[in-house]
Amino acid sequence: MHRNGYPPIGDYAVVGDGRTAALIASDGAVDWLCLPDVDSPSVFAAVLDAERGGAFSLRPSDPFDAERRYIPGTNVLETTFRTAGGTVRLTDAMTLSPRGRLAPMRELVRKLECLDGVVEIEWSIEPRFDYARRIGWTSTRDGRVFFTDGPDALTLSIWGAEPTASGRLRLAAAEEALFSLAATHNRPAVIPGRADTEERLAHTTSFWRGWAADAQWEGPWRDAVLRSILALKLLVFAPSGAIVAAPTSSLPESIGGARNWDYRYSWLRDATFTLNALLALGYFDAAHAFFWWFMHASRLTQPRLGVLYRVNGSSRIPERELDHLSGYRRSKPVRTGNEAAKQVQLDLYGSVLDSIWLHADSHGDLGADTGKATAKIADYVSREWPRPDSGIWEVRSEPRHFVQSKAMCWAALDRACRLAERGLIPDRRQTWRPGANAIQAWIEQHGWDEELGAYIRAPEDRELDASLLTLPLIEYDAGRDRLSSTIDAIRERLGAGGPLLYRYLGEDGVPGDEGAFTTCSFWLVDALARVGRVDEAAALMDDLVPLANDVGLFAEELDPSSGEHLGNFPQGLVHLALINAAVSIRDAEERR
Amino acid sequence: MSLAGALAGGFVGTLVLTTGLRLAQVAGLTRMDIPLLLGTAFTEDIRRAEAIGYAVHFFNGLLFSFGYWLVFEAVGQGGWLFGTFLGLVHAVFAGGALVNVLLPAVHPRMGTPSSDAQEAPVLEAPGFMLFNYGRYTAIVTVVAHLAYGAIVGAFAAGL
């Protein structure tokens, strides 16, 4: 529910169609939607500026309570409003269309059904194009409301009320109304009819049910795992196979703070977590599509890899501040683009090589060209690992010798050796294995602090870093029982209360505080399971899963004091970490 | 006037016209998509419609160049300047009657003021001088057709 213009971040749910996604608050307001693609400019951005961002609200006129859920096994949202006069159900979806049928380029469908009594509904649609820089033109023709701005056009169709940009309607028991907001870009609009809109909504529900039913998961936390994979599917950009970190920009990591980033891009770092999760649940096609996407996207820069890419494969992502938007609860600046694209981050090489290994292991083949490219990437890591970098957290202070980055370089060379051993890439193990050994020796000598009893963030600042929980995940183990000790130290010193963890406490070149980093808590579960502390892992998982919002989604961070979700929403990395943690516990229990 | 020249001009002119309109589309000046409009008359599969539409558009380009040649022969005059004038007439006809009146009348999937939207999804009708597809659509269309006419006229007259 909106209060002072903004609902809590955790009050949102998301619907999408594999190209873009909309945030919908529990009071029925669509506060975020970019068109035509997830990284295009917004048409609704009230979440970043309640006054001028633009929104599509649809709710009872009288005071109401709202309860919502996703229709089980789908990304179709169902919100039930209860007023003193009656009950009405709102079904929201971005529709998918049966192949070969004429359909809108993008379409948000909102269906109202009165379950009992009489309910008056009010709606208002105020699109604001290009991140609310322009209002556009509004006109009515052919019984529809058109909102146009240059190459973009929205068509609002309403069945059950007069087609106007705002208005009221009254529904009695068993009566229905249907709203379709169809979008086009660079093309004539396709104006939907009622029957085919209903058909697309039914098809969409049916598609999601079928897709979720393919998940090969009979383990614990089934609902959370399924919701996570469904949320992840919404982050997959279907035309290319890229997976964005989140469908939003600039939702703050602390209210009123400056840690507001644009996550509508695909980070190569997430590759290993993504392939692990998709393969574990049996989504081989999606896993291999993502693999080929990032190998293709990075083709021009290989063996050097970019930190992040646009969903169309471009690596040009200049960071800009949108001064005309006031930000979520005055959290400025609002940014588009991401300066991290220019950083050196060595950890991503471990993620990419591990992904190549996972792909080859499940697929059985790599292809000669990809094999050669992989070997060149491994050669690059052999040369570059001694460099300082900006690390997994993309710090904006001076580059450092992050221990986690070194460990990921070790993983890169280790996986290259495995691939060479299988004959899948040119064999240069005589270089790579000594390189991996040298990195391990460096980590054990410079990356360990006897006093803390833990691996440390960097030799330059001897403090803890929750990213080191990924060491067991990449199977780094120097055989000295240092992993378990590091886990305990991180839990003790970076603990934010309950199952929550801060990612680090040191400086990172950005002013202000932030919440607990939810992914790190799931990495903690994963790490515990992998070092054999399965009961602890399962107990922690039981504590973490209920921290999701009412529809099972996580933002990037959680406020340790209030439990409020912070940061971009929903965040893919958290849901990937949740799935992988559940898989690790299941695997560990099977080994017991 | 050379018929072969006019047809060759029709081919080159259609290439230029189609590319110009596409560039204008990408530049955000118009939402008009002629291959889509033409192709969806034959299929509702948008991917196939684009391919069919390009073929139909090229055929139409050649057909119109034949018409240009007939006019050149009838008045005993050709060349790029007269071709440009015919291009202007062509553009006004295309925007005013062909796409706005004739196409919706025969197109099975294009909306008209009497469309019943209960039945099937329909393509947005272009409106007079294609104004529904964006403010600059008329200008873009006229410029593209002027280029087409100039090329056909020049080719027919042997450059």
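Me: Which helix of chain A is the place of A:Ala132?
Reply: The structure is a predicted model. In it, A:Ala132 is not a glycine, and yet has a positive phi. The element in which A:Ala132 has its place is helix H1 of chain A.

Me: What is the phi of A:Ala132?
Reply: Most residues other than glycine have a negative phi. A:Ala132 is not a glycine, but its phi is positive, at about 65°.

Me: Into which domains is chain A divided?
Reply: The division gives two stretches of chain A, one of them being domain 2 (214-591). The other stretch is domain 1 (9-212). In order along the chain, the answer is domain 1 and domain 2.

Me: How many residues does the contact take from domain 1 and from domain 2 of chain A?
Reply: The C-alpha centres of domain 1 and domain 2 of chain A are 34 Å apart. The contact draws on both domains, with 29 residues from domain 1 of chain A and, from domain 2 of chain A, 36 residues.

Me: Which element gives the largest share of the side of domain 1 of chain A that touches domain 2 of chain A?
Reply: Elements that give two or more residues to this side include strand E2 (21-25), strand E6 (64-70) and helix H1 (129-132) of chain A. Strand E1 (12-16) and H2 of chain A are also among them. The largest share is four residues, and the element that gives it is E1(A).

Me: What classes of residue make up the side of domain 1 of chain A that touches domain 2 of chain A?
Reply: This side belongs to a contact that takes 29 residues from domain 1 of chain A. By class, they are seven charged, six polar and 16 nonpolar.

Me: Which element of chain A gives the largest share of the side that touches chain B?
Reply: The contact between the chains takes 26 residues from chain B and 21 residues from chain A. On the side of chain A, at least two residues each come from strand E15 (190-191) and helix H2 (194-213). The largest share is three residues, and it comes from H2(A).

Me: Which residue of chain B stands opposite A:Val190?
Reply: Strands of a sheet pair through backbone hydrogen bonds, either parallel or antiparallel. E15(A) pairs with strand E1 (residues 122-123) of chain B in the antiparallel sense, over two bridges. Within E1(B), the residue opposite A:Val190 is B:Leu123.

Me: Is H4(A) roughly parallel or antiparallel to H5(A)?
Reply: Two packed helices are described by the angle between their axes and the distance between the axes. For helix H4 (residues 271-280) and helix H5 (residues 284-297) of chain A, the axes come within 8 Å and cross at roughly 160°. Angles over 145 degrees count as roughly antiparallel, so the relation of H4(A) to H5(A) is roughly antiparallel.

Me: How many residues of the contact of H4(A) with H5(A) are charged?
Reply: H4(A) passes H5(A) in a left-handed crossing. Residues making the contact include A:Leu275 and A:Leu278 of H4(A), with A:Phe290 and A:Phe294 of H5(A). The contact has 10 nonpolar residues and one polar, and the number charged is no residues.

Me: What is the handedness of the crossing of H11(A) and H12(A)?
Reply: The axes of helix H11 (residues 518-530) and helix H12 (residues 534-544) of chain A come within 7 Å, crossing at roughly 160°. The two helices are therefore roughly antiparallel. Their crossing is left-handed.

Me: Which strands stand at the edges of the sheet E24-E25-E26 of chain A?
Reply: This is an open sheet of three strands with antiparallel pairing. The edge strands have a single partner strand each, so one side of each is left without a neighbour in the sheet. They are E24 and E26 of chain A.

Me: Which residue of E25(A) stands opposite A:Phe517?
Reply: E24(A) and strand E25 (residues 557-558) of chain A run antiparallel and are joined by two bridges. The residue of E25(A) opposite A:Phe517 is A:Glu557.

Me: Where is A:Pro570 found?
Reply: The peptide bond from A:Phe569 to A:Pro570 is cis, with omega near -20°. A:Pro570 is found between E26 and helix H13 (572-591) of chain A, in the loop.

Me: What is omega for the peptide bond from A:Gln302 to A:Pro303?
Reply: A:Pro303 lies in the loop between H5 and strand E19 (308-309) of chain A. The bond from A:Gln302 to A:Pro303 is cis, and its omega is near 10°.

Methods
Residues are numbered from 1 along each chain as its sequence is written. Chains are lettered from A and ligands numbered from 1 in the order in which they are written. This is a predicted model: local features need pLDDT of at least 70, side-chain atom pairs count only at pLDDT 80 or more; totals for chains, interfaces and linings use all residues. Two residues are in contact if their C-beta atoms, placed from the backbone, lie within 7 Å. Two strands pair if DSSP finds at least two bridges between them. Domain bounds come from an automatic or database domain assignment. Ala, Val, Leu, Ile, Met, Phe, Trp, Tyr, Cys and Pro count as nonpolar, Asp, Glu, Lys and Arg as charged, and the others, Gly among them, as polar. Axes are lines fitted to C-alpha atoms, for helices over the stretch in contact, and angles run from 0 to 180 degrees between N-to-C directions. Angles under 35 degrees count as roughly parallel, over 145 as roughly antiparallel, 65 to 115 as roughly perpendicular and the rest as oblique. A crossing is left-handed if the near helix is turned anticlockwise from the far one by less than a right angle, and right-handed if clockwise.
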